[in-house]
Amino acid sequence: MMTSPWSLPVRAILFTAWFTAQFVITSVRVSLLILTPGRQPQPAIVRFEIDELSDAEASLLLALITITPDTLVISLNRDERVMFVHGMFVAGDADGFRRGLRETHDRLLRGIRWRPPVTASGGGHA
């Protein structure tokens with residue numbers, strides 16, 4: 001795993017590529033929902049706990065979640081380190097939806113921090 005501060009440009013590029021792919025995938029998914037008669041979204045609002053983030057990191061995470069076509073941040077409580085996120089395709093699997101948000105959270109931190117967080121599994125969050 002790339003944890004050296006000198007790997008920051010590579011990690012930032014990898015995160016950007018990953019997020020762009022996610023953006024395209026969710027755009028296609030939302031487009032199919034709109035264009036396919038009879039399909040219905042299965043929305044929900046979930047509580048998502050965030051790590052201690054700087055103001056810039058929290059703003060960036062909020063913006064990335066919100067610009068993704070199938071998600072929207074409803075509120076962010078910095079004191080309790082929690083955000084409420086609306087998802088179009090939760091489909092009764094709130095934990096699965098949270099895992100997707102966690103992946104975005106963790107990949108973002110690895111992509112923008114000078115010294116990325118490391119967990120026992122080699123990735124994850126701080």
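User: Happy to be looking at this one with you. Where is Arg-81 found?

Analyst: In this predicted model, Arg-81 is found in the loop that runs between strand S2 (71-77) and strand S3 (82-87).

User: What makes the phi of Arg-81 worth a remark?

Analyst: Its sign. Phi of Arg-81 is near 55°, a positive value in a residue other than glycine. Most residues other than glycine have a negative phi.

User: And why is Arg-81 called partly exposed?

Analyst: The relative accessible area of Arg-81 is 38%. Buried means under 20% and exposed means over 50%, so Arg-81, at 38%, counts as partly exposed.

User: Which phi does Ala-91 have, and where does Ala-91 lie?

Analyst: Ala-91 has a positive phi of about 50° although it is not a glycine, and this residue lies in the loop between S3 and H3.

User: How do you know whether Ala-91 is buried, exposed or partly exposed?

Analyst: By the same cut-offs, 20% and 50%. Ala-91 has a relative accessible area of 44%, so it is partly exposed.

User: Let's turn to the helices. Why is H2 called oblique to H3?

Analyst: Helix H2 (residues 55-67) and helix H3 (residues 94-112) pack at an angle of about 130°, with their axes 11 Å apart. Angles over 145 degrees count as roughly antiparallel and those from 65 to 115 as roughly perpendicular; about 130° falls in neither range, and that makes H2 oblique to H3. The crossing of the two helices is right-handed.

User: Which residues make that contact, and what kinds are they?

Analyst: From H2 come Glu-57, Leu-60, Leu-61, Leu-64 and Ile-65; from H3 come Leu-101, Thr-104, His-105, Leu-108, Leu-109 and Ile-112. They divide into eight nonpolar, two polar and one charged.

User: What does Leu-60 touch, and why is Leu-60 called partly exposed?

Analyst: Leaving aside residues up to four places away in sequence, Leu-60 touches Leu-108 and Ile-112. Its relative accessible area is 34%, between 20% and 50%, so Leu-60 is partly exposed. Leu-60 and His-105 are 45 residues apart in sequence and 9.8 Å apart in space, C-alpha to C-alpha.

User: How do you know how the span of H1 compares with the expected one?

Analyst: Helix H1 (residues 8-35) has 28 residues and reaches 40 Å from its first C-alpha to its last, close to the 40 Å expected at 1.5 Å a residue.

User: Which residues of H1 are buried, and what do they pack against?

Analyst: The buried ones are Leu-8, Arg-11, Phe-15, Trp-18, Phe-19, Thr-26, Val-30 and Leu-33, and they pack against H2 and H3.

Methods:
Residues are numbered from 1 along each chain as its sequence is written. This is a predicted model: local features need pLDDT of at least 70, side-chain atom pairs count only at pLDDT 80 or more; totals for chains, interfaces and linings use all residues. Side-chain values use heavy atoms; hydrogens and water are left out. Axes are lines fitted to C-alpha atoms, for helices over the stretch in contact, and angles run from 0 to 180 degrees between N-to-C directions. Helices (H or I, at least four residues) and strands (E, at least two) are DSSP runs, numbered from the N terminus. Angles under 35 degrees count as roughly parallel, over 145 as roughly antiparallel, 65 to 115 as roughly perpendicular and the rest as oblique. A crossing is left-handed if the near helix is turned anticlockwise from the far one by less than a right angle, and right-handed if clockwise. Contact means heavy atoms within 4.5 Å. Ala, Val, Leu, Ile, Met, Phe, Trp, Tyr, Cys and Pro count as nonpolar, Asp, Glu, Lys and Arg as charged, and the others, Gly among them, as polar. The expected span of a helix is 1.5 Å times one less than its number of residues. Buried means under 20% relative accessible area, exposed over 50%, partly exposed in between (1.4 Å probe, protein chains only).
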